[in-house]
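Here's a quick tour of the model, starting at one helix end and working outwards. Have the structure open as you read.

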Amino acid sequence: MSIPVVALVGRPNVGKSTIFNRLIGERLSIVEDVPGVTRDRIYATASWLNREFRLIDTGGIDLSDEPLMNQVRYQAEIAMEEADVIIFVVSAREGLTDIDENIANQLHRTHKPVVVAVNKTDNPEQRMQTYDFYALGHGEPFAVSGSHGTGFGDLLDAVVASFPSDASHEDDDKTIKFSFIGRPNVGKSSLVNAILNEQRVIVSNIEGTTREAVDTYFTAADGHSFTMIDTAGIRKRGKVYEKTEKYSVLRAMSAIERSDIVCLVLDAETGIREQDKKVAGYAYEANKGIIILVNKWDLVDKSDKLFESFTKDIRKEFQYLSFAPILFVSAETGQRLNKLPEMLVTIYENRHRRIQSSLLNDVLMDAVAMNPTPTDKGRRLKIFYLTQVAVNPPTFVVFVNDKELMHFSYERFLENQLRQSFYFEGTPLRLIVRERE
Ligand code: GDP
Ligand code: GDP
């Protein structure tokens, strides 16, 4: 089931980012050692009545070099392209403005559902003003207050009721979905084209059902089917905002969400940059399979020494991606790109591997014998049982006497034991610790 995307639009200062933070609430997860993931967020998962959706704050896409009217116009354009449902935020404090009307007109050109949120209705008089916003022509306006957290139930009911019903279409297929992500100019679109030439297969473009994404579907010689997910940089249309970092992050995040495996593309010539780490952090946080592709390998002196030092740098800068294989490739010459499909298949299989509980508990017993469980204030961690509860990614539940006694380092140790005993290259593993008497 693909998850619907909801975008917040509206002129500056109406309260979009306040509402964004309110809606994602505590769901904002904090990942240790992963840089830049939670700061300046404009894309996150939220839910209402057990319906998950992704939320975009278009106001967070920095277009400050542009005149105000253009900023607002581009942000609305992004929302119309990326989202299934649009929340159009206005403010009861300032009332209806020309810019609001302008945005309303622009939104009339989309066939996507628009729900009007009248923010800053902190008191009854301001709630009365809500009705003025019927004039925008986008149906019933909903009074909310971002600061007080009121009114969001009705608003979200309306949003959820507008979700497309055919959103499950794209996940019905059994193809291996992958994407190339990375900062601008590392060679993502060159890689897409190189893969297609390499594969010499029939290519068909599938129109995205909800977003106007164009994904590419192909079948490799060995019969496996793949879907290459469209990302920023692949369909450049010369729009102003395509050059902004936030927009490219936004596109990368939506591609990551829709992929089984993401190929994090680095540039051999420029080396690792700060922005690479940010993008890698997003991929890691989404629990997807990961391959690190070092592209433009044709441009560097391919000595064994460089190969080793690059590998060492990657392992040092992306410690949390130690499970990800590294492939040195060139989109220009096609070098080693033939290895990519088989690597994708292997990781896909690893992500879907199920291990019997009896085998898991053999590994657990050996692990505990080798490295006794930690103690705290005279109490020792007892591990009763380990079982796999899900695939894609492989997810395990470990039952213990006291969660507090399970240290991060011991979790890491168990994960490593699992990795050594079973083949999980390229995929993160999830370990859930539960207490049992
Ligand atoms: P954005 O530019 O649309 O993202 O707006 P912000 O979320 O940054 O909010 C702009 C200002 O409005 C901030 O000072 C917020 O504290 C304030 N604000 C947001 N929601 C409310 C609200 O419900 N009531 C009041 N009184 N102020 C709000
Ligand atoms: P994107 O922004 O990540 O999609 O990057 P592009 O695919 O547009 O590539 C950026 C530039 O790098 C272009 O000029 C490409 O021709 C060049 N490029 C991409 N891959 C390679 C490669 O493997 N070798 C060389 N020499 N140049 C490459």
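Just after helix α1, G25 takes a positive phi of about 45°. Helices here are DSSP runs (H or I, at least four residues), strands are E runs of at least two, and both are numbered from the N terminus. Bear in mind that this is a predicted model, where local features need pLDDT of at least 70, side-chain atom pairs count only at pLDDT 80 or more, and totals for chains, interfaces and linings use all residues. Residues are numbered from 1 along each chain as its sequence is written, chains are lettered from A and ligands numbered from 1 in the order in which they are written, and side-chain values use heavy atoms, leaving out hydrogens and water.

Back to α1 itself, residues 16–24: K16, I19, F20, L23 and I24 are its buried residues (under 20% relative accessible area, 1.4 Å probe, protein chains only). They cover an arc of only 120° around the axis, so they sit on the same side of α1; the arc is taken from the directions from the helix axis to the C-beta atoms. These buried residues pack against β1 (5–9), β2 (43–48), β3 (51–57), β4 (85–91), β5 (114–119) and α5 (152–161), with contact meaning heavy atoms within 4.5 Å.

K16 also turns up at ligand 1, being among the residues that come nearest, along with N13, T18, D122 and S147. Here are some polar contacts (N or O atom pairs within 3.5 Å):

| Residue atom | Partner | Distance |
|---|---|---|
| K16 backbone N or O | ligand 1 oxygen | 2.7 Å |
| S17 backbone N or O | ligand 1 oxygen | 2.8 Å |
| K120 polar side-chain atom | ligand 1 oxygen | 3.1 Å |

Methods. Buried means under 20% relative accessible area, exposed over 50%, partly exposed in between (1.4 Å probe, protein chains only). A residue is near a molecule or strand if one of its heavy atoms lies within 4 Å of it. A polar contact is a pair of N or O atoms within 3.5 Å; within protein, one must be able to donate a hydrogen and the other to accept it, and residues adjacent in sequence count only if both atoms are side-chain atoms.
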